[in-house]
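Let's take a walk through this fold together, starting from the inside and working outward. Keep the viewer open as you read.

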Amino acid sequence: MPAKARPSRDVAAEITNLIIRKLEEGVPPWTRPWRVAGAGGRPLRHCGTPYTGINTVYLWAIADANGYRSRYWMTYRQAEALGGHVRRGEHGSLSVYYSSFKKTESDRVTGAESERSIRFLRHYLVFNADQIEGLPAEFYILPDPPRDLGTKADPALEAFFAASGAQIDSTEEPRAYYNIKTDRIHMPPIATFHRAAGYYGTLAHELTHWTGATKRLDRLGRFNDRKAYAFEELVAEIGNCMLCAQIGVEPEFDQSAAYVEGWLEAMKEDSRAIFRAASEAQKAVDYIMVRTAQADRMAAE
């Protein structure tokens with residue numbers, strides 16, 4: 001008898017299910033960098049390039065579930081090329097990317113042919129440096145902890161957020177928010193926060209919302225109901241943590257239970273929802289980093 005075909009692996013469901021489990025445990029995976037040895041940082045490929053999008057969120061979740069402390073991930077062969085070897089019995093984790101192919105279709109009425117591109121998810125396995133022996137010492141060095149900002153404004157961070165070009169108003173209102181109608185971010189005074197890090201983490205969240213305006217990444221106009229609002233909060237939450245990992249700030253995590261329930265509902269209905277949220281968050285962070293880099297170059301000229 002011919003062998004039965006192996007069922008295809010539902011990678012999106014595997015990734016989503018782990019993130020759902022972490023959320024239900026009360027541990028959003030994007031908070032992971034600051035819970036392990038008090039250190040932040042994005043997951044890194046063997047060459048030092050940061051992972052992006054869903055890979056960032058998923059590898060944070062895997063590292064949290066398994067207690068990995070290193071930021072570095074690599075394939076079996078990459079580990080060998082660096083002089084290391086994966087310990088016996090260790091299991092690899094998913095790293096995903098999209099590929100595509102062209103498909104020609106014929107119109108049923110006219111018979112005219114057209115070509116469209118179809119994207120599909122592919123994956124390979126990577127191992128954390130903590131699963132590998134014999135790597136150069138730098139792969140086992142813990143990332144730097146977040147800066148101790150105390151309770152006062154930090155000049156470097158003030159300059160960073162100003163360089164984004166966002167209009168940031170300090171108001172006496174006891175809440176932070178982005179006003180899409182006026183295109184301005186409203187922040188309580190930094191003195192009202194227990195820690196300056198909490199202020200800048202909150203500002204990073206609101207700045208992620210700011211990137212979604214029509215004249216920027218045009219994200220907010222598409223989200224106009226309860227589910228869409230929760231999805232945008234998920235984008236801002238992930239974007240906040242990605243940005244804070246980039247600039248070395250430990251953010252605050254105090255999303256309401258209603259938002260978390262909304263995230264869980266969206267992920268349980270659609271295994272690709274977290275992929276879209278992570279992608280939108282990555283676009284937002286990239287946009288902010290490009291804007292601030294451009295402002296820095298102009299100031300230096």
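Start by clicking on Tyr200. Once you set aside its neighbours within four places in sequence, Tyr200 is in contact with Leu149, Ala153, Asp154, Leu157, Glu158, Phe161, Ile190 and Val249. Keep in mind as you look that this is a predicted model.

Tyr200 also belongs to a bigger picture. Together with Trp30, Tyr200 has the most contacts inside the largest nonpolar core, which counts 68 residues. The biggest contribution to this core comes from helix H6, residues 226–247, which supplies 11 residues. Apart from this core there is another one, made of 10 residues, including Tyr72, Ala79, Phe127 and Phe139.

Now zoom out. The protein chain is built with 8 helices and 8 strands, and 47% of its 301 residues count as buried. If you take the contacts between residues at least 6 apart in sequence, 69% of them join residues at least 24 apart. As for the outside, the accessible surface adds up to about 16,200 Å², and carbon and sulfur atoms account for 50% of that.

How far can you trust what you see? The chain has an average pLDDT of 84, with 82% of the residues scoring at least 70. Strand S5 (residues 132–133) has the highest confidence, at 98, while strand S3 (residues 93–106) has the lowest, with a mean of 71. Watch out for residues 1–5, where the pLDDT is below 50 and the model shows 0 contacts beyond near neighbours in sequence.

Back inside, three threonines make good stops. Thr56 is in helix H2, residues 53–66, and is buried, at 0% relative accessibility. Its side chain reaches the backbone oxygen of Tyr51 at 2.9 Å. Not counting residues up to four places away in sequence, Thr56 touches Arg42, Pro43, Tyr51, Met242 and Gln282. Have a look at Gln282 in particular: Thr56 and Gln282 are 226 residues apart along the chain, yet 9.4 Å separates their C-alpha atoms.

Next comes Thr211, in the loop between helix H5 (196–210) and H6. Is this loop residue buried or exposed? Thr211 is buried, because its relative accessible area is 0%. Leaving out residues up to four places away in sequence, the ones Thr211 touches are Arg216, Leu217, Asp218, Arg219, Ala284, Tyr287 and Ile288.

The last of the three is Thr292, which sits in helix H8, residues 273–300. Thr292 counts as buried, since its relative accessibility is 3%. The side chain of Thr292 reaches back to the backbone oxygen of Met289, at 3.0 Å. With residues up to four places away in sequence not counted, Thr292 touches Phe160, Ala163 and Ser164.

One more thing to check is the cysteines. How many disulfides does the structure hold? There are 0. A disulfide is a covalent bond between the sulfur atoms of two cysteines. For Cys241, the closest cysteine sulfur belongs to Cys244 and is 6.6 Å away, so the two are too far apart for a bond. Cys241 is also buried, at 0% relative accessibility. Cys47, on the other hand, is exposed, with a relative accessible area of 53%.

Definitions and conventions:
Residues are numbered from 1 along each chain as its sequence is written. This is a predicted model: local features need pLDDT of at least 70, side-chain atom pairs count only at pLDDT 80 or more; totals for chains, interfaces and linings use all residues. Side-chain values use heavy atoms; hydrogens and water are left out. A nonpolar core is a set of buried Ala, Val, Leu, Ile, Met, Phe, Trp, Tyr and Cys residues joined through side-chain atoms within 4.5 Å. Buried means under 20% relative accessible area, exposed over 50%, partly exposed in between (1.4 Å probe, protein chains only). Helices (H or I, at least four residues) and strands (E, at least two) are DSSP runs, numbered from the N terminus. Contact means heavy atoms within 4.5 Å. Accessible areas come from the Shrake-Rupley method with a 1.4 Å probe; for residues, only the protein chains shown count as cover. A disulfide is a pair of cysteine sulfur atoms within 2.5 Å. pLDDT is the predictor's confidence in each residue, from 0 to 100. A polar contact is a pair of N or O atoms within 3.5 Å; within protein, one must be able to donate a hydrogen and the other to accept it, and residues adjacent in sequence count only if both atoms are side-chain atoms.
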